[in-house]
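Student: I have a new protein open and no idea where to begin. Can you walk me through it?

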Amino acid sequence: MTAINAPRDQYKAVWIIFFILGLGTLLPWNFFITATMYFTSRLKDPPIVISSNQTTNGTSGDEEVRNVLESTFSNVMTLCAMVPLLIFTCLNSFIHQRIPQKLRISGSLAAILVVFLLTAVLVKLDMAPVLFFSLTMIKIVCINSFGAILQSSLFGLAGMLPASYTTPVMSGQGLAGTFAALSMICALASGSALQDSAFGYFITACIVIVLAMMSYLALPRMEFFQYYMESNSSGPPGDEENKMDLLSKDSAAEKRPVVNMMEDEAKPSVSVFTIFKQIWAMALSVCFIFAVTIGTFPAVTVDVKSTVADRGAWDTYFIPVSCFLLFNLMDWAGRSLTAVCMWPGKDSKWLPILVGLRIVFIPLFMLTNVQPRNYLPVLFGHDAWYIIFMVFFAFSNGYLASLCMCFGPKKVPQHEAETAGAIMAFFLALGLALGAAVSFAFRALV
């Protein structure tokens, strides 16, 4: 290809834009999850009801309805998140060539922004629990449907650039989790009301989405980005000399025109199944990585109790710090490391071996001090064991997943890279869904 003649990414502007887009992809959803206590509190304590009849029967009847909504919230939320995520990521793999890229990315960001603005407004409005529950689930379906298209399109777009440009997307997503975990700890430390914390989360998410939209709109003006988009649209590598002549004429004559990402350029048709045959090892690896991670975290890891603390401050902050913050920090570190180190290589047998070895974390976490437990003994009771396991578990998740997402689109010709990126995003989503499904079994086995 023409990497030697490629213009430089001045001031790492394109890299930074992809980092912001990665942040904008996951930060809103991370804040939504962080506000789970706010959502369940709205179901537990409806503003309407209570006043006309203080009868025990009436109250217990209401209490029963509220308890059902509250207790099923997490499970229904997982279902409403994972099913649309999987369906729409899969759809995007097949139809992304028929829908303009700009419409998919900026349209998805705009839709998610509207949902979060509505969510922020609803914080200030009183509402019956059943209606609030229904609206929340509809919003979760919308966020994850558009989020799936956004994430899949973004990985497809990054796949058309050099391999290292998938790293900022992964790194931005890792920072999103870290930012949300820090926000949760700060809210806990400040003792602020759930309603105020939730409103802050949603407004911050809106700001980040607007920033991501502005960054994306600036992307076509970057010469580095234009170069790779034109290389991609030129079709399969046929006559390299003609392609090189064309590029040199372009650069000598006049500046390239701004890439219009709304245009449907004449791209050669590519078969999803043909591409999958070339990247199946990377696709299955990323699926396995996230199935192991989500199967264990947070379903098993969140129920670990500290054996060092005695109802002090460490007891309060043990899970927020050792589970959520530590996981997100190390995951972010692993994702970011691929910017400077990409070992093992895309054709190395060590990569699938290292991915497979991560299965050892499932029994290791099950044998920590998870409470309550019914079957397995506690072999690693001390807090230090849990923290050590979490460091390696999170770091390997971020590093290996980022490697697979970087390498997948590079195992196919340039004109097939966008589709390969979309397929990789589908298997990432499939791993999340499988992990969510098996997490119930893993927790029940403890």
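Tutor: Start with Lys 12, which sits in the segment before α1. Bear in mind throughout that this is a predicted model.

Student: Is Lys 12 buried, exposed or partly exposed?

Tutor: Lys 12 counts as partly exposed, because its relative accessibility is 47%. Its phi is near 55°, a positive value in a residue other than glycine.

Student: Why point out a positive phi?

Tutor: Most residues other than glycine have a negative phi.

Student: Which residue in the segment before α1 should I look at next?

Tutor: Tyr 11 lies in that segment. The phi of Tyr 11 is also near 55°, again positive in a residue that is not glycine. Tyr 11 is exposed, with a relative accessible area of 78%.

Student: Let me zoom out. How many helices and strands are there?

Tutor: The protein has 15 helices and zero strands.

Student: And what share of the residues is buried?

Tutor: Of the protein's 446 residues, 51% count as buried. The accessible surface comes to about 20,200 Å², and 68% of that belongs to carbon and sulfur atoms.

Student: What about contacts along the chain?

Tutor: Take the contacts between residues at least 6 apart in sequence: 87% of them join residues at least 24 apart.

Student: Show me an example of residues far apart in sequence.

Tutor: Try Pro 168, in helix α6, which covers residues 167-190. Pro 168 and Phe 18 are 150 residues apart along the chain, yet their C-alpha atoms are separated by 5.7 Å.

Student: What does Pro 168 touch, leaving out residues up to four places away?

Tutor: Pro 168 touches Trp 15, Phe 18 and Phe 19. Pro 168 is buried, with a relative accessible area of 0%.

Student: Which helix holds Thr 25?

Tutor: Thr 25 lies in helix α1, residues 13-34. Thr 25 counts as buried because its relative accessible area is 8%, under the 20% cut-off.

Student: Where does its side chain go?

Tutor: The side chain of Thr 25 reaches the backbone oxygen of Leu 21 at 2.6 Å. Leaving aside neighbours within four places in sequence, Thr 25 is in contact with Leu 150, Gln 151, Leu 154 and Gln 173.

Student: Next, Phe 116. Where is it found?

Tutor: Phe 116 is in helix α4, residues 101-123. At 0% relative accessibility, Phe 116 counts as buried.

Student: What is around Phe 116?

Tutor: Beyond its neighbours within four places in sequence, the contacts of Phe 116 include Pro 28, Trp 29, Phe 32 and Ile 143. Phe 202, Ala 205, Cys 206 and Ile 209 are also among them. Ile 143 is 27 residues from Phe 116 along the chain, and the two C-alpha atoms are separated by 8.7 Å.

Student: Changing topic: where does α10 bend?

Tutor: Helix α10 bends by about 75° at Ile 279. The helix runs over residues 272-296, 25 residues, but its end C-alpha atoms are only 31 Å apart. A straight helix would reach 36 Å at 1.5 Å a residue.

Student: Pick a residue in α10 for me.

Tutor: Ser 285 is in helix α10, and at 8% relative accessibility Ser 285 counts as buried. Setting aside neighbours within four places, Ser 285 is in contact with Pro 352, Val 355 and Cys 404.

Student: Why is Cys 404 not bonded to Cys 406?

Tutor: The sulfur of Cys 404 is 9.3 Å from the closest cysteine sulfur, the one in Cys 406, so that pair is too far apart for a bond. Cys 404 is buried, at 0% relative accessible area.

Student: How many disulfides are there in total?

Tutor: The count comes to zero disulfides, with sulfur atoms within 2.5 Å as the rule.

Student: Last thing: which residues are joined by cis peptide bonds?

Tutor: One cis peptide bond joins Phe 297 and Pro 298, with omega about 5°. Pro 298 is in the loop between α10 and α11. Another cis bond joins Trp 343 and Pro 344, with omega about -5°. Pro 344 is in the loop between α11 and α12.

Student: Why mention cis bonds?

Tutor: Most peptide bonds are trans.

Notes:
Residues are numbered from 1 along each chain as its sequence is written. This is a predicted model: local features need pLDDT of at least 70, side-chain atom pairs count only at pLDDT 80 or more; totals for chains, interfaces and linings use all residues. Side-chain values use heavy atoms; hydrogens and water are left out. Helices (H or I, at least four residues) and strands (E, at least two) are DSSP runs, numbered from the N terminus. Buried means under 20% relative accessible area, exposed over 50%, partly exposed in between (1.4 Å probe, protein chains only). A polar contact is a pair of N or O atoms within 3.5 Å; within protein, one must be able to donate a hydrogen and the other to accept it, and residues adjacent in sequence count only if both atoms are side-chain atoms. Contact means heavy atoms within 4.5 Å. The expected span of a helix is 1.5 Å times one less than its number of residues. The bend at a residue is the angle between axes fitted to the seven residues ending there and the seven starting there. Accessible areas come from the Shrake-Rupley method with a 1.4 Å probe; for residues, only the protein chains shown count as cover.
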